[in-house]
Structure formats: C-alpha cells, structure tokens
Amino acid sequence: MYTLKEGIDFYIEPMQNKKVTVFDTTLRDGEQTPGVSLTSSQKLEIARQLDKLGVDIIEAGFPISSEGDKESVKSISNAGLDTTVCGLARVLKKDIDACFESDVGLVHTFVPTSDVQRIYTIKKSQEEVIQLAVEAVQYIKDHGLKCMFSAMDATRTDPAYLIEVFKAVQEAGCDIINVPDTVGVMVPSAMYRQIKDIAAEITIPIDVHCHNDFGLAVANSLMAVEAGASQVQVTINGIGERAGNADLAQTVMSLTSIYGAKTNIRTEYLVETSKMVENYTGIRLPPNTPVVGQNAFSHESGIHSQGVLEKSDTFEPGIMTPEMVGHRRRIVLGKHTGKHAVKQSLESAGIKTSDKQLDEIVLRIKEIANKGKQITDADLYAVASAVLGKASSDEELIKLKEVSVMTGNIITPTAVVKADIEGKEIIAARTGVGPVDAALHAVRDILGESNHFKLQDFRIDAITGGADALADVYIGLENEKGRIVTARSANPDIVMASVEALVNAMNLLYKREEREEKS
C-alpha cells in the first residue's frame, strides 16, 4: 500500500527517489504520422519549445532519409539547446555517418530482431544481426559519441535471443538499450515481466518505446518504469506511426503525480506545447484528451460543478491541478448545469440576481441546450440581460458598422473594418493569409494599444448543408488576467460571422473588466 495524498492508499509501487529521463521523438516518429509533414522552420520551433519544456533528449530526425531531414537535424543540433539532440540510424555506416555530419550528440541505431522482421525485411540470420549491431555500436563509440541501441520489434523477439543481443551491444560499449513495442502488441503485465527479466541481465540503462495500436502505450510505459526502465520515449499529443506513440503529457503526469517519480519536465508548458504541435501538424485533439484536452478540467454536471467550486478534489484528481499543466478549470453551461454553476458564472462577471431571477435564467439556459446548442458566455449574458431587463446593446463598447474584404487568387486578402468605439468612428485595414484572417486582424487593430486580448479558441462549423450553409463561428478570448470568455455568431457570410463573434467576445471582456473595477 502506498499513501498518495491525505491518507489515501493505493496499491502501487512508490518511486519518490526514481529519476526518469524523457526522450521525445515528436520530430522523428511523430512526423511519420500519415499526412503530417513539417517544414524545417517548424521543426526548429518545436525543438526550441521541447527544450523549454525540459525534455532530456530530442530525436530530431532520420538524417539519411533525405538531404532536407539531414539539414533540419543539423540546424537543431546547432541551435544552442540545453537538451541532447539525437539522430536515428540503421546499423549501416552510411546512416551513422549522416548522423555524425548532422552534429548530433547521441546516435540511436537499430536493427530488427524478431523472426518475422529479421527474415522478411533484412533477410539476415540471428548471428548476422548480432554482428551488425555490435559493429554499429563500436563504430559510433570509436567516434566519441553516445550510443543507444534498439532491438526493433523487441516485444515479438524470442526472449533468450533478445537478451543475447542486448548483452553483446552492452559489451561493445553501448550507453543505453531501447526496448521497442514496435507494433503495440504488449499488455502492461507482460511489459512488466519482460523489462524485469531484461533488467536482471543488463546493467546499462533501459529505455522503452511503446506504440498505441491497442491504446496501451502509456500504460505499458508506466509498467516498464515500474519494472526497472529509467527512460521513456514519447511524443507530443501521442502522434506517430499508425495509432501513434505514448503521449508525453499523460506519461509524465502519471509518473510524477501518481508514482511520485522525478523528471525534468516543466509541466506548466504542457498545454502550450500541445497546442503548438496541434497547429503545425493539423491533427486536432478530441476535447476529452487527458491532461491537455479542452475538457480535461471542464465540468457541466450540476453535482460535479458544485463540488469542484466548493473543493476541486471532489471531482478532479487533486494530485494534478489545471495550473500544473498550464490549463484552467472551466465550468461549462449546458442541459446538465445546476443553479450553483450559473450563479458562480454570473457573479464572476459582476451580475447579481435574486433566487427567482436565477431560476428563470437556469430554465432558459436548459431550454437552449436541449435544442442541441452549445451555451457560450454571450448566450448566458444575453439571457441574464433579458431576465434582468437590461439592454445589452447599450453596454457595447465596440459597435460594428462596416466590414469589407477583397480577396482572390492574385490578390493579397485585405479587410477594412469600421466601428464605433465610445462614440468615435475608427477604421482599420489589414492583410492576412485569407479573408477571415485579414478581417480578424483588422478588428483587433481598431482597438490600437487597448488590444490586450489573446485568441484562445476559434472554430467554424456549417449549421446546414449546401453552398448556402450558415457559418457558425465560436471564439474564445482571454485577457491579461487570464479571464476567458466565449462568444459565437451565425451568418451566411463566414467573414461576417467571424468578425461578429470576435466583437461579441471583446465586448464581453470589456464588460467583465468594468464590473471588476467597480467591485
């Protein structure tokens, strides 16, 4: 039994004194995600973000695969990062030389060891595979670099032969061995036993690389660490070949928050890093993604919302808070919402209601949600204003008057926005990568130096089918104090819907700031 927090006991092995190294392969295995292709500048920016996050090793790519990949790895190696930069290589001198020429600090060399891969992909005997592995390790060490050796498809390799391979590379001077679950077929109990057996025979550090074909990559990585592994290979958002790899955020937070192990990861940057990779790869995370997903710390149910508002531990782990990972707790309004959550949301915006008024607001909110509509802050405040008899339009700081856009295949998209701000007419013009981008930039420019808002969320959906479909735009906006409001607009013109949603969100934030100043 292990006391985790406040006398709560769990049947797990504590690791308070264990240090786990984090090896990130987002830029190598992650980029092998079908449909993903990162530019060299994007790779460098992600590498800098991973360095900021605190990963110990970045596998920057497979230098021999192309001249572009080689140059990309070299640029990351020479970027002055604190982390170790690693290059991947088969057990071939030309591959290893490409890593040397890329200025990496660690060479990760691999060879298939399972019968199915050894016979059908490289057509080598067991003895030949061992010879190739040993020669590759010796070649790397002779050039003064650190070496990690992977027995590809280790989890489908004969256990006795696998130990023989690992002992041979260890004797050749290898610094660390990697046990890859290449096709994701392990279950946690089997992973534990295999790593335990390897650790009993091998003295150098053990690393694991788990694929997620059955959704077990994180669990298998945790079991490997329990059994004696000291390094985990992970990717941001779990991207990678087929179903992907073990997710960095989930693996690290499980190790540190549940087991009490130590890593060098600065967890407050997890959400920030996740969003960068999401944007660059175009692979959108489901809202219910653990740790970094939009709903990871969101609550709608009346019982849950009331509980977390009283004490967050009631319906959250407690050992992992939103602030620890760079997130914020959200109380989401919908058909399951209770009075407590609605009242708290209104009071945070400085809106006071009587019990009767609150009941009416809750009733209207549920009626809207029952029609399948997501409730935004704009919806809530509009309903509250109607119930309280306030004319919300009178409180608008920004009153939109005119929007015009110019775009085409030989024209840089340009937008002009005219608005009334506290009785003064303001006009702003901006270009962008598209008409929507240009229009949103122009809206932000009409505020000049007063613009201190950060766009947190932007989504466009078609409400109906056909070319004349209504564009439903949802926007999340954050001010300098971390306050976030959401707003939406529906319009047949996608540019107008986007502009109206942004203006609605800006007005809501200004209202909230004014009320906070008065209170």
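User: How many disulfides does a search of the whole structure find?

Analyst: The search finds zero disulfides, a disulfide being a pair of cysteine sulfur atoms within 2.5 Å. This is a predicted model, in which local features need pLDDT of at least 70 and side-chain atom pairs count only at pLDDT 80 or more, while totals for chains, interfaces and linings use all residues. Residues are numbered from 1 along each chain as its sequence is written, and side-chain values use heavy atoms, with hydrogens and water left out.

User: Why is there no bond between Cys 147 and the closest cysteine sulfur?

Analyst: The closest cysteine sulfur to that of Cys 147 belongs to Cys 174 and is 4.2 Å away, too far for a bond. For Cys 99, the closest cysteine sulfur is in Cys 86, at 7.2 Å, which is also too far.

User: Why is Cys 99 called buried or exposed?

Analyst: Buried means under 20% relative accessible area, exposed over 50%, and partly exposed in between (1.4 Å probe, protein chains only). Cys 99 has a relative accessible area of 0% and is therefore buried. Cys 147, at 0% relative accessibility, likewise counts as buried.

User: How many aromatic pairs are there by the rule for rings?

Analyst: The count comes to four aromatic pairs. Rings of Phe, Tyr and Trp (its six-membered ring) pair if their centres lie within 6.5 Å; planes under 30 degrees apart count as stacked, over 60 as edge-to-face and the rest as tilted. Phe 62 and Phe 110 have ring centres 6.4 Å apart and planes at 65°, so this pair is edge-to-face.

User: What parts does the pair of Phe 62 and Phe 110 tie together?

Analyst: Phe 62 lies in the loop between β4 (57-61) and α2 (67-77), and Phe 110 lies in strand β6 (residues 106-112), so the pair ties together parts that are 48 residues apart in sequence. Phe 62 is buried, with a relative accessible area of 19%, and Phe 110 counts as buried at 14% relative accessibility.

User: What makes the pair of Phe 149 and Phe 166 edge-to-face?

Analyst: The angle between the planes is 80°, with 6.4 Å from centre to centre, and the aromatic pair is edge-to-face. Phe 149 is in strand β7 (residues 146-152) and Phe 166 in helix α6 (residues 159-171), so parts 17 residues apart in sequence are tied together.

User: Why does Leu 455 count as buried, exposed or partly exposed?

Analyst: Leu 455 has 37% relative accessibility and therefore counts as partly exposed.

Notes:
Helix = DSSP H or I, 4+ residues; strand = E, 2+ residues; numbered from the N terminus.
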